[in-house]
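Thanks for sharing this one. Here are some friendly notes to read alongside the coordinates, arranged as numbered points.

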Amino acid sequence: METNFFKNLAEIGVQGNMVLTVRQLENSELLVLLHLTGNNVKDAVVKTIQPLKLSGTAEELDSRFFETVTAPVKKASGFLAEVEAQEKSLAEARKKWDGQKKKAKPTAQAEKTQKNEEKEKAFSEAMERVIELERAMDYSAAIGELPDAAEYPDKRQEIATKRKELEQKEKLGATLF
C-alpha cells in the first residue's frame, strides 16, 4: 500500500520537530495530536503551545487531515523559527558584548575606585603596623609609622588622635623609667 502522507508532510515545510500521537478511541474514531517543538529553542513560552487536536474516523482524517493542519502548522513552525532565530541572535550579541567588556579599558571612575581601594589598603596596613608597635610599647617607632595626614585628608582626624595618644604614652613611659 502506498500513501502520500510523508510527501504531503514534506510539502508543508515544517521547521523544528513534529510529534504526532494517534490514539484509537472507543467509538472507532481516532484522536490525533500534532505538537511542534523547536530544534534548539530553550524559551519556556514554546512549551505553552498546545498541540493541534483532531478527531474523526480514519476516512474523515484521510480526506481532511492535510487541509486542516497545513495553515496552523505553518504558522506555528514560523513562530518557532522566529524564536530560535532570536535566541541565536541574543546568544551572539551576549558573546560579543562579553568579549568587548573584557577588552574595554577601565573607565576613569573604575581607575579612581581602584586607586582609592589601594590607598585605603595602604592606610589600613600602616595603621596595623602602628598598633603592633604600640602593643610592643615602641611608641616612637609607632609615631614614625603613622601615615602622613597630608596624603590622607579624610583620615586627618584619626591620624592626629592616634599621634596624640602615642605621644602621651611615650611621655608617660619616659617618666616611669
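**Notes on the predicted model**

1. Let me begin with Phe5, which has a relative accessible area of 25% and is therefore partly exposed. Please keep in mind throughout that this is a predicted model. Phe6 has 63% relative accessibility, so this residue counts as exposed; the cut-off for that class is over 50%. The rings of Phe5 and Phe6 form an edge-to-face pair, with 5.1 Å from centre to centre and 90° between the planes.

2. That pair belongs to a wider set of contacts. Phe5, Phe6, Phe65 and Phe66 are linked by ring pairs into a cluster. Across the whole structure, the search turns up five aromatic pairs.

3. Have a look at Phe123 and Tyr152 too. Their ring centres are 5.1 Å apart and their planes meet at 55°, so this pair is tilted; edge-to-face would need over 60 degrees. Phe123 sits in helix 3 (residues 108-135), while Tyr152 sits in the loop between helix 4 (139-145) and helix 5 (156-176), so to speak a link between distant parts of the chain, 29 residues apart. Both Phe123 and Tyr152 are buried. Tyr152 has a further partner in Lys119, which lies over the face of its ring at 5.4 Å from the ring centre.

4. Now to the pocket. The largest one has a volume of about 360 Å³. It is lined by 14 residues, and those closest to its centre are Phe5, Leu61, Asp62, Phe65 and Phe66. Three of these names, Phe5, Phe65 and Phe66, will be familiar from the ring cluster.

5. Which elements give two or more residues to that lining? They are helix 1 (5-12), strand 1 (17-24), strand 2 (30-37) and helix 2 (58-103). Helix 2 supplies the largest share, with five residues. Sorted by class, the lining of the largest pocket holds ten nonpolar residues, three polar and one charged.

6. The strands deserve a point of their own. Strand 1 and strand 2 are antiparallel and pair over eight bridges. Gln24 has Leu30 of strand 2 as its bridge partner, and Asn17 stands opposite Thr37 in strand 2. On its other pairing, strand 2 runs antiparallel to strand 3 (residues 52-56), joined by five bridges; here Val32 stands opposite Leu54 in strand 3.

7. Where do the side chains of strand 2 point? They alternate along the strand: Leu30, Val32, Leu34 and Leu36 point to one face and are buried, whereas Leu31, Leu33, His35 and Thr37 point to the other face and are not buried.

8. Finally, two backbone angles to check. Strand 1 and strand 2 make a hairpin with five residues between them, and Ser28 lies in its turn. The phi of Ser28 is near 70°, a positive value in a residue other than glycine. With a relative accessible area of 55%, Ser28 is exposed. Met137, in the loop between helix 3 and helix 4, also has a positive phi, near 60°, and is not a glycine either. Its relative accessibility is 62%, so Met137 counts as exposed.

Note on methods. Residues numbered from 1 in each chain as written. Predicted model: local features only at pLDDT ≥ 70, side-chain atom pairs only at ≥ 80, totals over all residues. Heavy atoms only, no water. 1 Å grid on protein atoms, 1.4 Å probe; cavity = no way out; pocket = protein on both sides within 12 Å on 5 of 7 lines; lining within 4 Å. Points joined across faces, edges and corners; volume = space filled by probe spheres on them. Helix = DSSP H or I, 4+ residues; strand = E, 2+ residues; numbered from the N terminus. Nonpolar A, V, L, I, M, F, W, Y, C, P; charged D, E, K, R; others polar. Phe/Tyr/Trp six-rings, centres within 6.5 Å; stacked < 30°, edge-to-face > 60°. Buried < 20%, exposed > 50% of the residue type's maximum accessible area, 1.4 Å probe, protein only. Lys NZ or Arg CZ within 6 Å of the ring centre and 35° of its normal. Pairing = 2+ DSSP bridges.
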